[in-house]
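Q: I'm new to reading protein structures and would love some help. Could you take a close look at one part of this one and walk me through it?

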Amino acid sequence: MNAPGQKIKVTLTRSIHGQLERIAASVRGLGLRRMHQSALVQDTPQNRGMIERAKHMLTVENVK
């Protein structure tokens with residue numbers, strides 16, 4: 001995990017169509033609605049949990 005207050009960039013690389021509802025809800029909770037859309041989110045345990053649930057659909061990058 002990064003330093004407190006650090007942000008991470010999350011990009012949706014696959015469609016949420018056909019995924020389990022809990023996975024789709026995690027992706028929407030990260031602020032992603034469309035494919036190839038990116039969002040900057042705080043690096044918190046809650047967000048890391050949502051990313052872990054949908055890791056097969058996301059690309060994650062550290063932001064400096």
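**A close look at the nonpolar core and its surroundings**

Please start with the overall layout. After that, which residues of the largest nonpolar core touch the most other members, and what is in contact with Leu 12?

A: Happy to help! Keep in mind that this is a predicted model, and let's begin with the whole chain before we zoom in.

The chain has two helices and three strands. Reading from the N terminus, these elements come in the order β-α-β-α-β. The radius of gyration is 11 Å, close to the 11 Å from the globule rule for 64 residues, so the chain is as compact as a globular protein of that length. If you follow the C-alpha trace along its principal axes, it spans about 35 × 20 × 15 Å. Of the 64 residues, 30% are buried. Among contacts with a separation of 6 or more, 70% are between residues 24 or more positions apart. On the outside, the chain exposes about 4200 Å², and 51% of that comes from carbon and sulfur atoms.

Now for the core. The largest nonpolar core has 15 residues, and those touching the most other members are Val 10, Leu 12, Leu 32 and Leu 58. Three elements each supply at least two residues of this core: strand β1 (7-12), helix α1 (21-29) and strand β2 (38-42).

Let's pick Leu 12 and look around. If we set aside its neighbours within four places in sequence, Leu 12 is in contact with Val 27, Leu 32, Arg 34, Met 35, His 36, Gln 37, Met 57 and Leu 58. Two names on that list, Leu 32 and Leu 58, also appear among the core residues that touch the most other members.

One step back along the chain is Thr 11, which is found in strand β1. Thr 11 counts as buried because its relative accessibility is 13%, and the cut-off for buried is under 20%. Its side chain is joined to the side chain of Ser 38 by a polar contact of 2.7 Å. Beyond the neighbours within four places in sequence, Thr 11 is in contact with Leu 32, His 36, Gln 37, Ser 38, Met 57, Leu 58 and Thr 59.

His 36 is on the contact list of Leu 12 and on that of Thr 11, and it deserves a pause of its own. You will find His 36 in the loop between α1 and β2. His 36 counts as exposed, with 59% relative accessibility. Its backbone is worth checking too: His 36 is not a glycine, yet its phi is positive, at about 65°. For background, most residues other than glycine have a negative phi.

Next, follow Ser 38 across to strand β3 (residues 58-62), where Val 60 is found. Ser 38 and Val 60 are 22 residues apart in sequence, and their C-alpha atoms are 9.5 Å apart in space. Val 60 is partly exposed, with a relative accessible area of 35%. Leaving out neighbours within four places in sequence, Val 60 is in contact with Ile 8, Lys 9 and Ile 51.

Helix α2 (residues 45-53) is the next stop, and Asn 47 has its place there. Asn 47 is a polar residue to look for on the inside, as it counts as buried at 13% relative accessibility. Setting aside neighbours within four places in sequence, Asn 47 is in contact with Leu 30, Val 41 and Gln 42.

Let's finish with the charged pairs. Side chains of opposite charge can pair when their charged atoms come close. This structure holds three salt bridges:

- Arg 28 pairs with Glu 21, with the closest N and O atoms 2.7 Å apart. Arg 28 is partly exposed, at a relative accessible area of 32%, whereas Glu 21 counts as exposed at 54% relative accessibility.
- Asp 43 pairs with Arg 48, and here the closest N and O atoms are 2.7 Å apart. Asp 43 counts as buried at 6% relative accessibility, while Arg 48 counts as partly exposed at 30%.
- Glu 52 pairs with Lys 55, the closest N and O atoms being 2.8 Å apart. Glu 52 is partly exposed, with a relative accessible area of 46%, and Lys 55 counts as exposed at 52% relative accessibility.

To retrace the route in the viewer, start at Leu 12 and its contact Leu 58, then find the polar contact between Thr 11 and Ser 38, and end at the salt bridge of Asp 43 with Arg 48.

Terms used
Residues are numbered from 1 along each chain as its sequence is written. This is a predicted model: local features need pLDDT of at least 70, side-chain atom pairs count only at pLDDT 80 or more; totals for chains, interfaces and linings use all residues. Side-chain values use heavy atoms; hydrogens and water are left out. A nonpolar core is a set of buried Ala, Val, Leu, Ile, Met, Phe, Trp, Tyr and Cys residues joined through side-chain atoms within 4.5 Å. Buried means under 20% relative accessible area, exposed over 50%, partly exposed in between (1.4 Å probe, protein chains only). Helices (H or I, at least four residues) and strands (E, at least two) are DSSP runs, numbered from the N terminus. Contact means heavy atoms within 4.5 Å. A salt bridge is a side-chain nitrogen of Lys or Arg within 4 Å of a carboxyl oxygen of Asp or Glu. A polar contact is a pair of N or O atoms within 3.5 Å; within protein, one must be able to donate a hydrogen and the other to accept it, and residues adjacent in sequence count only if both atoms are side-chain atoms. The radius of gyration is taken over C-alpha atoms; the globule rule is 2.2 Å times the number of residues to the power 0.38. Accessible areas come from the Shrake-Rupley method with a 1.4 Å probe; for residues, only the protein chains shown count as cover.
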